[in-house]
Amino acid sequence: MEWPFLLQALNLVGRPRQFVDLIRAYVCISHIEVNINGEVDSFFLPKRSLRQGCPISLYLFIIYMEVLSSLLCEIERKGGFRGLRINYVAFAVSHLMFVDDLRIFGEATVGNLETTK
């Protein structure tokens, strides 16, 4: 989960600027310490992902996935991505979401690959 996309998603769903700034401080200003044999050896600054076990992470993930799903549907509607069809009369499936998973389905074309990237 890229943090800039998450913050943009919060703006897209109409969250107040103060709320987005609070979330930015929550997810972006953190560091992870590495404990080796009982001693803190070093730390690093993560650039993506949410903290596991934090109650707000679930809601942020749902907002993130909802915006991503909407963007995929809009790109498909505009013809920039072609979903997978089982046969010529079936509707195309471009993506499926379940719990914490996203599956993207599309025709095997260079255009679809570029759009997905």
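**Figure 1. The protein chain has four helices and four strands.** This is a predicted model, so every view below shows a prediction. Walk along the sequence and you meet the elements in the pattern α-α-β-β-α-β-β-α. The protein chain holds 117 residues, and 21% of them count as buried. Now look at contacts between residues at least 6 apart in sequence: 46% of these join residues at least 24 apart.

**Figure 2. Helix H1 covers residues 3–12 and has several buried residues.** Which residues of H1 are buried? They are Trp3, Phe5, Leu6, Leu7, Ala9 and Leu10. Follow their side chains to find the partners: the buried residues of H1 pack against helix H2 (17–28) and against H3. Just after H1, pause at Gly14, which takes a positive phi of about 85 degrees.

**Figure 3. Helices H1 and H3 cross each other.** Two packed helices are described by the angle between their axes and by the distance between the axes. Here the axes of H1 and H3 come within 9 Å and cross at roughly 80 degrees. An angle from 65 to 115 degrees counts as roughly perpendicular, and H1 and H3 are therefore roughly perpendicular to each other. Which residues meet in this contact? From H1 come Phe5, Leu6, Ala9, Leu10 and Leu12, while H3 brings Leu60, Ile63, Tyr64, Val67, Leu68 and Leu71. Sorted by class, the residues of this contact are eleven nonpolar, no polar and no charged.

**Figure 4. Met65 sits in helix H3 and contacts residues far along the sequence, including Leu102.** Is Met65 buried or exposed? Its relative accessible area is 9%, and buried means under 20%, so Met65 is buried. Setting aside neighbours within four places in sequence, Met65 is in contact with Met97, Asp101 and Leu102. Take the pair Met65 and Leu102: these residues are 37 apart in sequence, yet their C-alpha atoms are 8.2 Å apart in space.

**Figure 5. The largest pocket is lined by nine residues from Leu68 to Lys117.** About 170 Å³ of space lies in this pocket. To trace the lining, find Leu68, Leu71, Leu72, Ile75, Leu102, Ile104, Thr115, Thr116 and Lys117. At least two lining residues come from each of helix H3 (55–77), strand E4 (101–104) and helix H4 (110–116). Which element gives the most to the lining? That is H3, with four residues. By class, the lining has six nonpolar, two polar and one charged residues. Some names should look familiar: Leu68 and Leu71 line this pocket and also belong to the H3 side of the contact with H1, and Leu102 in the lining is one of the contacts of Met65.

**Figure 6. Asn112 has its place in helix H4.** How buried is Asn112? Its relative accessible area is 5%, which is under the 20% cut-off, so Asn112 counts as buried. What does Asn112 touch, leaving out residues up to four places away in sequence? The list is Gly80, Phe81, Arg82, Gly106 and Glu107. The helix around Asn112, H4, is also one of the elements that supply at least two residues to the lining of the largest pocket.

Technical notes: Residues are numbered from 1 along each chain as its sequence is written. This is a predicted model: local features need pLDDT of at least 70, side-chain atom pairs count only at pLDDT 80 or more; totals for chains, interfaces and linings use all residues. Side-chain values use heavy atoms; hydrogens and water are left out. On a 1 Å grid over the protein atoms alone, a cavity is a set of points where a 1.4 Å probe fits but cannot get out, and a pocket is an open set with protein on both sides within 12 Å along at least five of seven lines; lining residues have an atom within 4 Å of a point. Grid points are joined across faces, edges and corners, and a volume is the space filled by probe spheres set on the points. Ala, Val, Leu, Ile, Met, Phe, Trp, Tyr, Cys and Pro count as nonpolar, Asp, Glu, Lys and Arg as charged, and the others, Gly among them, as polar. Axes are lines fitted to C-alpha atoms, for helices over the stretch in contact, and angles run from 0 to 180 degrees between N-to-C directions. Angles under 35 degrees count as roughly parallel, over 145 as roughly antiparallel, 65 to 115 as roughly perpendicular and the rest as oblique. Contact means heavy atoms within 4.5 Å. Buried means under 20% relative accessible area, exposed over 50%, partly exposed in between (1.4 Å probe, protein chains only).
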